[in-house]
Amino acid sequence: MDLLFVERLLVGLLAAAVVAIAVSKLRGRKLRLPPGPTPVPVFGNWLQVGDDLNHRNLAALARRFGDIFLLRMGQRNLVVVSSPPLAREVLHTQGVEFGSRTRNVVFDIFTGKGQDMVFTVYGDHWRKMRRIMTVPFFTGKVVQRHRAGWEAEAAAVLMMYSNVYRIMFDRRFESADDPLFLRLKALNGERSRLAQSFEYNYGDFIPILRPFLRGYLRICEEVKETRLKLFKDFFLEERKKLASTKAMDNNGLKCAIDHILEAQQKGEINEDNVLYIVENINVADDAVVDGVGDRGARVNHGEIQEKLRRELDTVLGPGRQITEPDTHRLPYLQAVVKETLRLRMAIPLLVPHMNLRDAELAGYGIPAESKVLVNAWYLANDPGRWRRPEEFRPERFLEEERNVEANGNDFRYLPSGARRRSCPGIVLALPILGVTIGRLVQNFELLPPPGKDRVDTTEKGGQFSLHILKHSTIVAKPRAF
Ligand code: HEM
């Protein structure tokens, strides 16, 4: 480290300490804050609690400080709620007050400061984006129109990316070696790594240190530009070209981007918004890929696979491949999907919420622009609220929890959130998961890699998403009919 760097760092920290103390004095007088560990100047609680605030660590803090607690991460406030009534308050009763999203220095880059739908604040832009995206993406009709495509993908085991690309662009990837697919996958992976990393926390939590993040932010800018250019050149422009030469439909099937481009032509949104919609859908698709990719739980439970296979054989007849309408008469399959989403939630803390103005929650004052996390994983895995929650036991959704759905009808189980900012894509994700898992189990016996007796399902946390730490190869042994 050179001396100038150290000098600037020390001056920065000192200035941040003075500002932090002044702000906390002002704030402290006004609001009765939720409980939490005692913060120190500048760093707040950051050094005490560390970077990895994953759902398990936050559940441990909830056991210490209660259903609502506050952490000061540098200059940012983080409020965590961990009970169904408080989740209801944040997502439903005060859904408008807490209906915005926090941003950070890196998400600002990837979303063009909230020009997308997922990370935009609650207001007119969000309403417009949600309206424009609903017809092309988020209705039961979309499921019916596209299900033949998904069934073909499931049969081809397993180009999951193609499912959403079929809806969006009426395009599919020929194979996992398709060069365009490989570039897209690499760029999506890099975007996810850069956004979910803890590496940039220091510059995000302590604004005065932000200049030291310049290199990191430059890489984020480059990845974002390359990725949006790829969406534009290979998908949007191609689709526009196609539209100018022949009718934009495939047997009467207008694809989602045609609707979005129409909204652009009408002047409702601009080209950047169109690109950010494509970006959002790419990111959302990862949740589905993870849901199917989470074979660990099923591979490690041969008896559950066997029971599911028996249901498929009995209801459909051996060898008759499952299609979307069948999923409605396969209760055990539905229970397996729900249990997968419960035990290994793809987005265990939901997408962070935020209050634009000072608010009140459980009698505490919540300073404006706090990041508000609902620990959905804890709500669905709390031994006080579920019977033996650590077990992968789909039967619970046919027995004691038979009335619980994945659409937020029970505030203990929120894999897709609830109410205003809940996941509109779950209407697509559930049938895709059902058909894909169904086909896998129908046609293969899934086994751990040779020499191992189970798949390692250790998790790796990020800013708010959850992945499997080590990707394992599994054995898919074809079944004889
Ligand atoms: C199993 C798959 C999926 C899971 C578990 C999932 C889960 C979630 C969760 C937890 C949220 C945040 C809710 C909140 O903050 O309160 C969310 C938001 C969202 N999801 Fe999904 N999702 C999945 C698939 C999809 C798919 C396939 C799409 C699109 C095709 C999609 C589009 C979105 C969008 C646009 C939002 C933002 C909604 C808003 O901010 O208003 N999701 N999702």
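**A walk through the helices and the iron site**

Helix α12 is mostly covered, with 7 of its 10 residues buried. The model you are looking at is a predicted one. The buried residues of α12 are A256, I257, D258, H259, I260, L261 and A263. Just after the helix comes G267, and its phi is positive, near 85°.

What does α12 pack against? One partner is α6, residues 124-137: the axes of α6 and α12 (residues 256-265) come within 8 Å and cross at roughly 150°. Angles over 145 degrees count as roughly antiparallel, so α6 is roughly antiparallel to α12. The crossing of these two helices is right-handed. On the α6 side the contact uses I132, M133, V135, P136 and F137, and these meet A256, H259, I260 and A263 of α12. Sorted by type, the residues of that contact come to 8 nonpolar, 1 polar and no charged. If you check the α12 side against the burial list, A256, H259, I260 and A263 turn up there as well.

Time to zoom out for a moment. The protein chain has 18 helices and 11 strands. Of its 481 residues, 53% count as buried. As for how the chain folds back on itself, take the contacts between residues at least 6 apart in sequence: 71% of them join residues at least 24 apart.

Now for α16, which has packing to show with two other helices. Start with α15 (residues 302-316): α15 and α16 pack at an angle of about 145°, with their axes 8 Å apart. Here I304, K307, L308 and E311 from α15 meet P331, Y332, L333 and V336 from α16. That contact divides into 6 nonpolar residues, no polar ones and 2 charged.

The second partner is α18. The axes of α16 (residues 331-343) and α18 (residues 426-443) come within 10 Å, and the crossing angle is roughly 110°. Because of that angle, α16 is roughly perpendicular to α18. As with α6 and α12, the crossing of α16 and α18 is right-handed. From α16 the contact draws on L333, V337 and L341, while α18 supplies L430, L433, G434, I437 and G438. The tally for this contact is 6 nonpolar, 2 polar and no charged. Notice L333, which is part of the contact with α18 and also appears in the contact with α15.

While you are on α16, have a look at T340, which sits in this helix. Is T340 buried or exposed? At 4% relative accessibility, T340 counts as buried, because the cut-off for buried is under 20%. T340 is also 10.0 Å from P415, C-alpha to C-alpha, although the two are 75 residues apart in sequence.

From α18, step back into the loop between α17 (376-381) and α18, where you will find C423. Which protein atom serves as donor to the iron atom of the ligand? The iron has a single donor from the protein, namely SG of C423, at 2.2 Å. The loop between α17 and α18 also holds R419. R419 has a positive phi of about 65° although it is not a glycine. In general, most residues other than glycine have a negative phi. R419 is partly exposed, with a relative accessible area of 35%.

A second residue with this kind of backbone angle is D170, in the loop between α8 (160-169) and α9 (179-196). Its phi is positive too, about 55°, although D170 is not a glycine. D170 has a relative accessible area of 31%, so it is partly exposed.

The last stop is towards the start of the chain. G36 lies in the loop between α1 (3-30) and α2 (46-49). A relative accessible area of 27% makes G36 partly exposed. Which residues does G36 touch, leaving aside its neighbours within four places in sequence? With those neighbours set aside, G36 is in contact with F65 and L70. G36 and V79 are 43 residues apart in sequence, yet their C-alpha atoms are 9.4 Å apart in space.

Terms used:
Residues are numbered from 1 along each chain as its sequence is written. This is a predicted model: local features need pLDDT of at least 70, side-chain atom pairs count only at pLDDT 80 or more; totals for chains, interfaces and linings use all residues. Side-chain values use heavy atoms; hydrogens and water are left out. Axes are lines fitted to C-alpha atoms, for helices over the stretch in contact, and angles run from 0 to 180 degrees between N-to-C directions. Helices (H or I, at least four residues) and strands (E, at least two) are DSSP runs, numbered from the N terminus. Angles under 35 degrees count as roughly parallel, over 145 as roughly antiparallel, 65 to 115 as roughly perpendicular and the rest as oblique. A crossing is left-handed if the near helix is turned anticlockwise from the far one by less than a right angle, and right-handed if clockwise. Contact means heavy atoms within 4.5 Å. Ala, Val, Leu, Ile, Met, Phe, Trp, Tyr, Cys and Pro count as nonpolar, Asp, Glu, Lys and Arg as charged, and the others, Gly among them, as polar. Donors are N, O and S atoms within 2.8 Å of the metal (3.2 Å for Na, K and Ca); water is not among the atoms, so sites may look incomplete. Buried means under 20% relative accessible area, exposed over 50%, partly exposed in between (1.4 Å probe, protein chains only).
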